[in-house]
Amino acid sequence: MANHQDVTAAPRPGQSDINVDEMWVDRLAVISVSGCVDMLTAPFLTEAIDSALAKAPSGIVVDLSKVDFLASAGISALIAASDSIGQSGRFGVVADGAATHRPLTLLGVDELISLYRTLDDALSELADA
């Protein structure tokens, strides 16, 4: 089932607080994020999601399991990505822990976006959808 392709961009100035990697599992794009997602780094997340969308995936999973801090700019980027995909696409976010799951649920984002505790959970559900 898994066809992994790791695409990592070279760091740019200002990108030292975030790392964003793209891999593919069949036709699902997985955007793995680590570090801090704030107003300075959220554009790198948006850029990675837009890049994956341009490749016409069957769905996108954003894995935030290694994110230390998720600010409102990062949450806005996730909501905008979900809106871009629309009703026809599959979109999910892996968020486990106080830095990611808690703010997303407290703000009600889990009502707009499917949240998963593990990448395997997200891949299982989105691959079957």
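In this predicted model, a patch of negative charge on the surface is formed by Asp120, Asp121, Glu125 and Asp128. One of these residues, Glu125, lies in helix H4, which spans residues 119-128. With a relative accessible area of 47%, Glu125 is partly exposed, because its value falls between the limits of 20% for buried and 50% for exposed residues.

Two salt bridges are found in a search of the whole structure. In one of them, the side chains of Lys55 and Glu22 meet with an N to O distance of 2.7 Å. This pair connects distant parts of the chain, since Lys55 is placed in the loop between H1 and E4 whereas Glu22 belongs to strand E2, the two residues being 33 residues apart. The partners fall into separate classes of accessibility: Lys55 is partly exposed at 39% relative accessibility, while Glu22 is buried, with a relative accessible area of 6%.

A salt bridge is also formed between Arg117 and Asp96, whose closest N and O atoms lie 2.7 Å apart. Here too the pair links distant parts of the chain, with Arg117 in the loop between strand E6 (114-116) and H4, and Asp96 in the loop between E5 and helix H3 (101-106), at a separation of 21 residues. Arg117 counts as partly exposed, at 42% relative accessibility, and Asp96 is likewise partly exposed, with a relative accessible area of 40%.

Turning to the interior, the largest nonpolar core comprises 29 residues, among which Ile31, Val33 and Val62 have the most contacts inside the core. At least two residues of this core are supplied by each of strand E2 (18-25), strand E3 (28-37), helix H1 (42-53), strand E4 (59-70), helix H2 (72-85) and strand E5 (90-94). Of the contributing elements, H1 gives the most, with six residues. In soluble globular proteins, nonpolar side chains tend to be buried together.

Outside the helices and strands, Met39 is located in the loop between E3 and H1. Met39 is exposed, with a relative accessible area of 67%, and therefore cannot be counted in a nonpolar core, for which residues must be buried. The C-alpha atom of Met39 is separated by 9.9 Å from that of Ser76, although the two residues are 37 residues apart along the chain.

Notes
Residues are numbered from 1 along each chain as its sequence is written. This is a predicted model: local features need pLDDT of at least 70, side-chain atom pairs count only at pLDDT 80 or more; totals for chains, interfaces and linings use all residues. Side-chain values use heavy atoms; hydrogens and water are left out. Patches are made of residues with over 30% relative accessible area and no salt bridge: like charges are joined within 9 Å, nonpolar side chains (Val, Leu, Ile, Met, Phe, Trp, Tyr) within 5 Å. Accessible areas come from the Shrake-Rupley method with a 1.4 Å probe; for residues, only the protein chains shown count as cover. A salt bridge is a side-chain nitrogen of Lys or Arg within 4 Å of a carboxyl oxygen of Asp or Glu. Lys and Arg count as positive and Asp and Glu as negative; His and the chain ends are not counted. The place of a charge is taken as NZ of Lys, CZ of Arg, CG of Asp or CD of Glu. Helices (H or I, at least four residues) and strands (E, at least two) are DSSP runs, numbered from the N terminus. Buried means under 20% relative accessible area, exposed over 50%, partly exposed in between (1.4 Å probe, protein chains only). A nonpolar core is a set of buried Ala, Val, Leu, Ile, Met, Phe, Trp, Tyr and Cys residues joined through side-chain atoms within 4.5 Å.
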